[in-house]
Amino acid sequence: MKILIVGTGYVGTTTGLIFCKMGHQVTGLDLDERKINALQAGKLYFYEPGLEDLLTKHVSAQNIRFTTDTENAVKENDVIFICVGTPLGPQGKADLTFVKNVAGTIGRYMNHYKVIVTKSTVPVGTAENVTNWIKENQPSSIPFDVVSNPEFLREGSALHDALNPDRIVIGASSDKARAVMRNLYKDFQCPIIETNPQASEMIKYAANSFLAMKISFINELARVCDALGINVNDISTGIGLDHRIGPHFLRAGMGFGGSCFPKDVNALIQTSKETGRPLSILEKVVQVNDEQQLYFMKKIRQVLGGNLENKTIAVLGLAFKANTDDTRESPSLILIEKLRGEQAAVQVHDPVVKSAGLMQFSKVEETVKGADAVILCTDWNDYKNLDWAALKPLMKQPVIFDGRNMLNKTKIEELGFRYLGVANH
């Protein structure tokens, strides 16, 4: 098939390359010339492990090309995937401005039957809206179908997830569109769920919200464990081995962030309110997550004497999680803002992320030098494997706050550090 990917972020680029691998001819479309030039040269402009090698391979083989030529891109392809951003808008709703613009463009340049696929995370009812936006912009009536086909990619593991999906969800209203999508995914060995577009859109929001709920559950439980002197990691293991619960997303930490969970949970909350049946459990999920950095800050204050003014704090990790350069809604940046608000001097390091406006160092040794405490905010393997014995003499005070419970508490304390994790007793 000839496939057009509109939007060349980590979802769009990964999706396009996987279809190349499946033998399809792919075009990537974006209005940002800088991104397009980089991708066409085989260079990934964002960090996603393993993806650049696949990009270089398929660009060289001419299985994929990248362009800013919207009209020809729309006309030349039969299946169009919408992979643009849907950021959080006013009142917590998803902002569909980019989706609407793409739909209008498709309508203007459509020249024969096409299947339009929303890959972006969008509210229930968006497929119908996209249909209307396309029709409104068509110079003459040309048949088409709109399908919902949500992505379930984890940043940092996008390539693995795309190659080994747990499931594929196809929300279509016509047999013709379903047949096209079945053909597109015929080589994938996983359950394929066929439903209508509204249910497909809800599946994506429900999945992300449930995972966010697990994170807030274990984080709130960790506060109780803290008070009782219980190691929350033992609790996570004990309940995670129950196959009805599962071990994933039960690691206590600093709360969830990134481009998906915060906006998707809030968007589903708004959708539920509009139906007159608010999801109060998700409102609590957001509240617990917002409180998690405050809880961590309280610990830092208590250990460092109650006043952070003129204290030097080394923060390791800016990305919201390891193996990505995404800092959107990162707990690390929220914590840094609070530390600086209390007049602490903050020194930061991240192996991938470069952030303006922060005192950032290229080496961990420089970052921890003279520090009253180190805070581990991102679970990079680089930090797990650090020589903490060599770092200790560089610090003013040997204190580690482990916001990811990633270090071995016993070994760290044997080195003479004061170690505080998240209910990691």
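Two residues are said to be in contact when heavy atoms of one lie within 4.5 Å of heavy atoms of the other. With that in hand, the surroundings of Gly 253 in this predicted model can be described: setting aside residues up to four places away in sequence, Gly 253 touches Asn 219, Gln 292, Gly 403 and Val 422. Gly 253 sits in the loop that joins helix 10, residues 232-240, to helix 11, residues 261-274. Buried residues are those under 20% relative accessible area, and Gly 253, at 6%, is therefore buried.

Gly 253 also belongs to a set of annotated positions. An unreviewed UniProt entry lists, as "binding site", Phe 152, Leu 153, Arg 154, Glu 155, Lys 204, Phe 249, Leu 250, Arg 251, Ala 252, Gly 253, Gly 257 and Lys 321. These residues span 170 residues of sequence and are spread in space as well, with C-alpha atoms up to 24.0 Å apart. Among them, Lys 204 is included in the lining of the largest cavity.

Another glycine of this list, Gly 257, is likewise placed in the loop between helix 10 and helix 11. Its relative accessibility is 6%, so Gly 257 counts as buried. Beyond residues up to four places away in sequence, the contacts of Gly 257 are with Pro 262, Phe 320, Arg 328, Glu 329 and Pro 331.

One of these partners, Glu 329, deserves a closer look for its backbone. Most residues other than glycine have a negative phi. Glu 329, although not a glycine, has a positive phi of about 55°. Glu 329 lies in the loop between strand 9, residues 312-316, and helix 13, residues 331-341. With a relative accessibility of 47%, Glu 329 counts as partly exposed. Phe 249, from the "binding site" list, also has a positive phi, near 65°, in a residue other than glycine. Phe 249 is found in the loop between helix 10 and helix 11, and its relative accessible area of 32% makes Phe 249 partly exposed.

The loop between helix 10 and helix 11 holds a further annotated residue, Cys 260. The annotation "active site", again from an unreviewed UniProt entry, covers Cys 260. At 17% relative accessibility, Cys 260 counts as buried. Leaving out residues up to four places away in sequence, Cys 260 touches Tyr 10 and Asn 208. What is the exposure of His 243, buried or exposed? His 243 is found in the loop between helix 10 and helix 11, and with a relative accessibility of 75% it counts as exposed. The C-alpha atom of His 243 is separated by 44 Å from that of Met 395, with the two positions 152 residues apart along the chain.

The helices on either side of this loop can be described next, through their packing with helix 9. Two packed helices are described by the angle between their axes and the distance between the axes. Helix 9, residues 197-228, packs with helix 10 at an angle of about 135°, and the axes are 9 Å apart. That angle makes helix 9 oblique to helix 10. The crossing of the two is right-handed. On the side of helix 9, the contact is made by Phe 217, Ile 218, Leu 221, Ala 222 and Cys 225, and on the side of helix 10 by Val 232, Ile 235, Ser 236 and Ile 239.

Helix 9 also packs with helix 11, at an angle of about 115° and with the axes 9 Å apart. Helix 9 and helix 11 are therefore roughly perpendicular to each other. Here, the crossing is left-handed. The residues of helix 9 in this contact include Lys 204, Asn 208 and Ile 215, and those of helix 11 include Phe 261, Asp 264 and Leu 268. Lys 204 is thus a residue of the "binding site" list that takes part in the contact of helix 9 with helix 11, while Asn 208 is touched by Cys 260.

Finally, Asn 137 offers a view of another part of the chain. Asn 137 lies in helix 6, residues 126-137, and is partly exposed, with a relative accessible area of 26%. Not counting residues up to four places away in sequence, Asn 137 touches Gly 104, Gly 107 and Arg 108. Asn 137 and Asn 405 are 268 residues apart along the chain, and their C-alpha atoms are separated by 53 Å.

Methods: Residues are numbered from 1 along each chain as its sequence is written. This is a predicted model: local features need pLDDT of at least 70, side-chain atom pairs count only at pLDDT 80 or more; totals for chains, interfaces and linings use all residues. Side-chain values use heavy atoms; hydrogens and water are left out. UniProt positions are given in the numbering used here, feature names are shortened, and annotations may be inferred rather than shown by experiment. On a 1 Å grid over the protein atoms alone, a cavity is a set of points where a 1.4 Å probe fits but cannot get out, and a pocket is an open set with protein on both sides within 12 Å along at least five of seven lines; lining residues have an atom within 4 Å of a point. Helices (H or I, at least four residues) and strands (E, at least two) are DSSP runs, numbered from the N terminus. Buried means under 20% relative accessible area, exposed over 50%, partly exposed in between (1.4 Å probe, protein chains only). Axes are lines fitted to C-alpha atoms, for helices over the stretch in contact, and angles run from 0 to 180 degrees between N-to-C directions. Angles under 35 degrees count as roughly parallel, over 145 as roughly antiparallel, 65 to 115 as roughly perpendicular and the rest as oblique. A crossing is left-handed if the near helix is turned anticlockwise from the far one by less than a right angle, and right-handed if clockwise.
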